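Let's take a walk through the open and enclosed spaces of this protein, and then look at what packs around them. Have the model at hand as you read.

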Amino acid sequence: MSAENSTEPRGRVTTVAVLGAGSWGTALAMQLVRAGSLPVLWDWDAAHMEALRLGRCNEKFLPGHRLPDALVLEPDLESAVRAADEILIVVPSHAFVSVIKQIGPWLKPGQGIAWACKGLEPGTGQFLHEPARRLFGDSRPLAVVTGPSFAVEVAAGLPTAVTVAGTDPAFCVRIARLLHGGNFRAYTSDDIVGAELGGSLKNVLAIATGICDGMGLGDNARAALITRGLAEMMRLGRTLGAREQTLMGLTGMGDLVLTCTGNLSRNRRLGLALGAGQSLEQALVAIDQVVEGVTTAAEVWRLARRHGVEMPISEQVYGILHLGRDPHECLTDLLSREQKHEHS
């Protein structure tokens, strides 16, 4: 269901605390203004917040895109949270748990938490809704905003579609309605496992396709990697209880295709650099932003082993990133696997 189909009445202007002023957090805050709400943008980096205030532009992450006048910049986290009707967390996935622990005492009774982070909790391999439930129990509705969406295109107002998936249908509709407007469509879902799986695993697979393209292996190889990567996503999804239609939708196949083929993807760019012979350290320094697939590759590898799911592409990416394996050797391993039925 898309947000425009909801019959929930619109009331006063809703204040949304957007926690994280990187490229994606800033772009979503800009979209919230377009859709008619009042975003309050916070970031942990005081110097970055001051630069935003002085220039009214996120020159570090979204150069050339002026911040709307209605977008409020708030350097104090507690003030941002206490003033907000809704919370939207947009930090790297490894920082998610520390943020929800910090803001917990300032939340209103029953207030929900939404996030637009795409990754797993480091060290546990859990989806982000799991530590949130661990901390808050069932007292707060939870939702993830995910789907094929490059921040710079959202900032520019180009057509985009995402899904808001969560634990409470009314909360999902509420968050979707806040984002839905203009060229930005927001759908809702109750399959939070499938939505988070698709948004996380696609980053690992984008590194694989980037490596493939960086080695100059051609379009056929890229198409095969994307397709077989989707098969890995479906296998793990079935084991974890995700719905097949979720993984064939925006948050699965849609985000996978975008991230594997679009050069705005940090994960694809990392793969391109590795395939061209750069070291992991060199590539990360050049990108100079968090590349979620690096941490996620290790957590996906652990998840696959724990549940006995065969994920050869993800396993090779883990080997390259965390065991120092040579990409050419990993390719040889993939191609030398025994012949088998495609859908076994």
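How many nonpolar, polar and charged residues does the lining of the largest pocket have? This is a predicted model, and in it that lining has 19 nonpolar, 14 polar and 10 charged residues.

**The pockets and the cavity**

The largest pocket holds about 1100 Å³ of space. Its lining is made of 43 residues, and Ser-23, Trp-24, Arg-266, Gln-289 and Val-290 are the ones nearest the centre. Several helices take part: α1 (23-34), α6 (151-155), α8 (192-214), α11 (250-261) and α12 (266-275) each give at least two residues to this lining.

The second largest pocket offers about 610 Å³ of space. It is lined by 27 residues, with Leu-225, Arg-228, Ile-313, Leu-334 and Leu-335 closest to its centre. Two or more lining residues come from each of α8, α9 (219-240), α15 (312-322) and α16 (327-335), and α9 has the largest share, with 6 residues.

There is also 1 cavity of 30 Å³ or more in the structure. Its lining consists of Val-16, Leu-32, Glu-86, Ile-87, Leu-88, Ile-175, Leu-178 and Leu-179, and both β4 (86-89) and α7 (169-179) supply at least two of the lining residues.

Here are the three spaces side by side.

| Space | Volume | Nonpolar lining | Polar lining | Charged lining |
|---|---|---|---|---|
| Largest pocket | about 1100 Å³ | 19 residues | 14 residues | 10 residues |
| Second largest pocket | about 610 Å³ | 17 residues | 2 residues | 8 residues |
| Largest cavity | about 40 Å³ | 7 residues | no residues | 1 residue |

**Helix α12**

One of the helices that line the largest pocket, α12, deserves a visit of its own. Because 7 of its 10 residues are buried, α12 is largely enclosed by the rest of the structure. The buried ones are Asn-267, Arg-268, Leu-270, Gly-271, Ala-273, Leu-274 and Gly-275. At the N-terminal end, Ser-265 acts as a cap, with a side-chain oxygen 3.3 Å from the backbone nitrogen of Asn-267. Just past the other end of the helix, Gly-277 adopts a positive phi of about 105 degrees.

**The nonpolar cores**

Leu-270 of α12 turns up again in the largest nonpolar core, which has 72 residues; together with Leu-19, Ile-89, Ile-103 and Trp-115, Leu-270 touches the most other members. Helix α8 gives this core its largest share, 12 residues. As for Trp-115, leaving aside neighbours within four places in sequence, its contacts include Leu-88, Ile-89, Phe-96, Leu-128, Val-144 and Ile-192, and also His-129 and Glu-196. Another core, of 36 residues, lies apart from the largest one and has Val-33, Ala-114, Ala-155 and Val-164 among its members.

**A buried glutamate**

Finally, which residues does Glu-299 touch, not counting those up to four places away in sequence? They are Leu-120, Glu-121, Pro-122, Gly-123, Thr-124 and Gly-125. Glu-299 sits in helix α14 (residues 292-307). Its relative accessible area is 3%, under the 20% cut-off, so Glu-299 counts as buried. A polar atom of the Glu-299 side chain lies 3.0 Å from the backbone nitrogen of Gly-125, one of the residues that Glu-299 touches.

Definitions and conventions: Residues are numbered from 1 along each chain as its sequence is written. This is a predicted model: local features need pLDDT of at least 70, side-chain atom pairs count only at pLDDT 80 or more; totals for chains, interfaces and linings use all residues. Side-chain values use heavy atoms; hydrogens and water are left out. Helices (H or I, at least four residues) and strands (E, at least two) are DSSP runs, numbered from the N terminus. Buried means under 20% relative accessible area, exposed over 50%, partly exposed in between (1.4 Å probe, protein chains only). A polar contact is a pair of N or O atoms within 3.5 Å; within protein, one must be able to donate a hydrogen and the other to accept it, and residues adjacent in sequence count only if both atoms are side-chain atoms. Contact means heavy atoms within 4.5 Å. On a 1 Å grid over the protein atoms alone, a cavity is a set of points where a 1.4 Å probe fits but cannot get out, and a pocket is an open set with protein on both sides within 12 Å along at least five of seven lines; lining residues have an atom within 4 Å of a point. Grid points are joined across faces, edges and corners, and a volume is the space filled by probe spheres set on the points. Ala, Val, Leu, Ile, Met, Phe, Trp, Tyr, Cys and Pro count as nonpolar, Asp, Glu, Lys and Arg as charged, and the others, Gly among them, as polar. A nonpolar core is a set of buried Ala, Val, Leu, Ile, Met, Phe, Trp, Tyr and Cys residues joined through side-chain atoms within 4.5 Å.
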